Amino acid sequence: LQRRAEAMMRKPGRASAALTEPGASQVVLQLIGSRPIHVIAIISQATGLDLMSASNLAKDAPVVVVSGVSEVSANRVVERLQKAGAKAVAGEAYRPE
């Protein structure tokens, strides 16, 4: 049972089509917030990453979660992340310091 659970955690998924329309915007996760499990699930939905990879990505905040998406898609991702308690912004260019 444990091996099955670990396999599910590492199984890559498919990114949601509503969150990945092509464009020039990107989403930056600034803070993971108080509900990290929900934030990780949303990152997984938006990117198609498995939960372990999405977790590692979230731990590296501030980080670009998705890029090359339309402004509408970026705003959808930001809205979902904010509802989950994270601090995220949509923009056109992000360069970590």
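In this predicted model, helices H2 and H4 run roughly antiparallel to each other, because their axes cross at roughly 165 degrees and angles over 145 degrees count as roughly antiparallel. The two axes come within 9 Å, and the crossing is right-handed. On the H2 side, the residues in contact are Val39, Ile42, Ile43, Gln45 and Ala46; they meet Val77, Arg80 and Leu81 of H4.

Three of these names, Val39, Ile43 and Leu81, recur among the residues with the most contacts inside the largest nonpolar core. That core has 21 residues, and Val27, Leu29, Val65 and Val66 are also among its most connected members. In soluble globular proteins, nonpolar side chains tend to be buried together.

The elements below each supply at least two residues of the core.

| Element | Residue range |
|---|---|
| Strand E1 | 22–31 |
| Helix H2 | 36–47 |
| Helix H3 | 51–59 |
| Strand E2 | 63–69 |
| Helix H4 | 71–83 |

The largest share, five residues, comes from H2. Val65 touches Val27, Leu29, Ile43, Thr47 and Leu57, with residues up to four places away in sequence not counted.

Helix H4 also holds a charged pair: Glu79 forms a salt bridge with Lys83, and the closest N and O atoms are 3.5 Å apart. Both residues lie in H4, four residues apart, about one turn of the helix. Glu79 has a relative accessibility of 45% and so counts as partly exposed, whereas Lys83, with a relative accessible area of 61%, is exposed. The salt-bridge count comes to one.

How values were computed: Residues numbered from 1 in each chain as written. Predicted model: local features only at pLDDT ≥ 70, side-chain atom pairs only at ≥ 80, totals over all residues. Heavy atoms only, no water. Core = buried A, V, L, I, M, F, W, Y, C linked by side-chain atoms within 4.5 Å. Buried < 20%, exposed > 50% of the residue type's maximum accessible area, 1.4 Å probe, protein only. Contact = heavy atoms within 4.5 Å. Salt bridge = Lys/Arg side-chain N within 4 Å of Asp/Glu carboxyl O. Axes fitted to C-alpha atoms, helices over the stretch in contact; angles between N-to-C directions. Left-handed = near helix turned anticlockwise from the far one by under 90°.
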